[in-house]
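Reader: I should be grateful for a close look at the largest nonpolar core of this protein and its surroundings. Which residues have the most contacts inside it?

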Amino acid sequence: MKSSTAFTQHSPAKLALWALLSIILTNSCSDPATVGIELAPGNNQIGTFFEEFELPAEVVLIDSFNTTKRGNLVVGIEQDDYFGRTEATGYTRLHVDVNKERPTPEAFLDSMFFDVRVISVDGENLDEGKTLNIYRLTEPILDTAYYSFDKLMFEENPIATGEFTFGEVKDTIISLPLNEEFREDFFGKMKRGLEFQDLFLFRDYFPGVAFKGKEGDNTTLGIALNTDTKIATYYHYPGDTASTLYEVSTAVSTAASSRYFTGIESDRTGTPTAVVTEPSENYSTGPKVGLKAGLGMMIKLDTSPIDSFLDTLPGVTFNQVNIMIGEVDEYPEGQTAPQKLSLYFTDDSNQFIESGTSVYFTVQADGQSQVFTNEDGDEVPNVSAPAAINFDSEKGSYNQLITSYLNAVYRGQLLRKDWLVYGGFVSSPIASGQDPFRQSLRQFIVDKNKIKLQVIYSKVR
């Protein structure tokens with residue numbers, strides 16, 4: 001733990017905190033009033049102190065990770081020495097509009113593509129070609145909830161394959177030509193079959209597709225399911241000078257997608273995370289810890305050092321409290337760390353602690369009330385303004401002020417809880433389809449000794 005102190009005739013609001021940091025002295029966790037430099041002895045009432053201490057960290061694999069209709073599909077294969085091999089496969093239905101005019105038996109097929117709206121690209125060597133494969137499902141997507149460990153059967157050979165060089169482009173539509181056998185069968189049913197006259201008959205004929213990446217690409221795509229992701233069929237009649245387009249998309253309407261989910265497979269053999277075998281259990285992975293979205297691997301922080309620290313501090317006010325994670329380990333160009341994190345309260349069960357209305361308790365934003373008085377007159381934790389722990393790409397670290405939180409714990413308004421570091425931020429922690437932690441495989445790895453609280457506080461002498 002690091003400590004320092006200074007005294008001044010000014011009010012705490014006017015303290016030169018950055019100047020204070022320049023005179024920090026390394027010391028033990030003894031009474032901070034005995035450590036530091038006194039600037040104006042005999043004339044001062046306010047002491048200002050600095051402390052820095054680590055929060056012990058382990059990793060936890062989240063349980064019951066619902067990926068059904070969670071914003072976008074995640075598709076790709078990633079490999080590294082800490083997390084091992086992680087593969088994300090996207091599954092979706094397609095929707096046929098039975099009222100749309102279909103080509104008649106006289107029509108001739110010009111071409112057929114599977115268009116895919118890519119909304120994010122994260123990976124290595126993006127100036128090289130990356131492959132996407134699309135497979136026809138052999139079993140239906142049911143009207144039920146699917147989780148990250150779920151998967152469906154599909155045909156052995158893809159109906160479409162394409163290689164694309166993304167470079168700096170992260171939002172685009174790519175077109176994959178469908179193979180000849182599929183084109184002939186699909187266009188024949190489109191012209192003459194009952195399958196395109198009834199949605200349920202269509203699903204029996206064509207249950208949906210699976211999107212898969214290629215081994216070795218080390219790249220993940222985010223795919224949006226909307227009117228842009230579709231089978232586009234171009235055809236003409238004798239005498240036509242231009243093609244007509246018929247679409248079967250992954251959208252039920254312009255505002256709603258077909259049912260979809262992402263399945264995740266993880267092989268951590270031979271890596272530090274190989275010890276992580278059971279959900280909701282915390283594991284030590286050596287000198288480093290890591291977080292990986294999509295896989296559902298989080299970091300658990302033991303906040304008990306806060307109790308030990310606060311026990312030494314009678315009569316203080318916290319001026320500035322910062323949580324710092326990092327600098328994180330370097331990651332390849334083209335990959336991106338999660339941009340925001342959340343701190344969810346937890347206990348020995350390693351579950352999010354629910355307030356009773358599908359809302360979970362989190363550290364609240366600085367400057368916001370950490371508690372409120374309910375209708376029964378009881379003071380309870382606030383849940384309306386979660387704190388976002390922001391990533392500084394230049395420094396390679398996550399930082400956020402949590403001064404209001406520590407003041408609330410010190411005053412006894414909040415009971416200190418351990419934290420689960422969640423790899424996404426939702427402005428309201430109500431279950432949401434737009435949850436970044438379920439929409440990518442973004443990750444970071446960090447040394448355990450680089451997860452710290454930095455505290456500046458004042459004490460009346």
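Author: A residue is called buried when its relative accessible area is under 20%, exposed when that area is over 50%, and partly exposed in between, with a 1.4 Å probe and protein chains only. By this definition, buried residues make up 51% of the 461 residues in the protein. The model is a predicted one, in which local features need pLDDT of at least 70, side-chain atom pairs count only at pLDDT 80 or more, and totals for chains, interfaces and linings use all residues. Residues are numbered from 1 along each chain as its sequence is written, and side-chain values use heavy atoms, with hydrogens and water left out.

The protein has five helices and 29 strands; these are DSSP runs numbered from the N terminus, with at least four residues for a helix (H or I) and at least two for a strand (E).

A nonpolar core is a set of buried Ala, Val, Leu, Ile, Met, Phe, Trp, Tyr and Cys residues joined through side-chain atoms within 4.5 Å. The largest such core has 68 residues, and those with the most contacts inside it are Leu301, Phe318, Tyr398, Tyr405, Trp419 and Phe444. Strand E21 supplies the largest share of this core, five residues. Apart from it lies another core, of 39 residues, which includes Leu94, Leu132, Phe182 and Met190.

Contact here means heavy atoms within 4.5 Å. Leaving aside neighbours within four places in sequence, Tyr405 is in contact with Ile306, Phe345, Val363, Gln370, Leu414, Arg416, Lys417 and Trp419. Helix H5, residues 403–410, is also the place of Thr403. Thr403 counts as buried because its relative accessibility is 7%. With neighbours within four places again left aside, the contacts of Thr403 are Phe318, Asn319, Gln320, Val321 and Asp366.

Strand E21 spans residues 316–326, and the loop between helix H4 (304–310) and this strand holds Leu313. Leu313 has a relative accessibility of 3% and therefore counts as buried. Its C-alpha atom is separated by 8.4 Å from that of Lys459, although the two residues are 146 apart along the chain. Across the protein, residues 24 or more positions apart account for 79% of the contacts with a separation of 6 or more.
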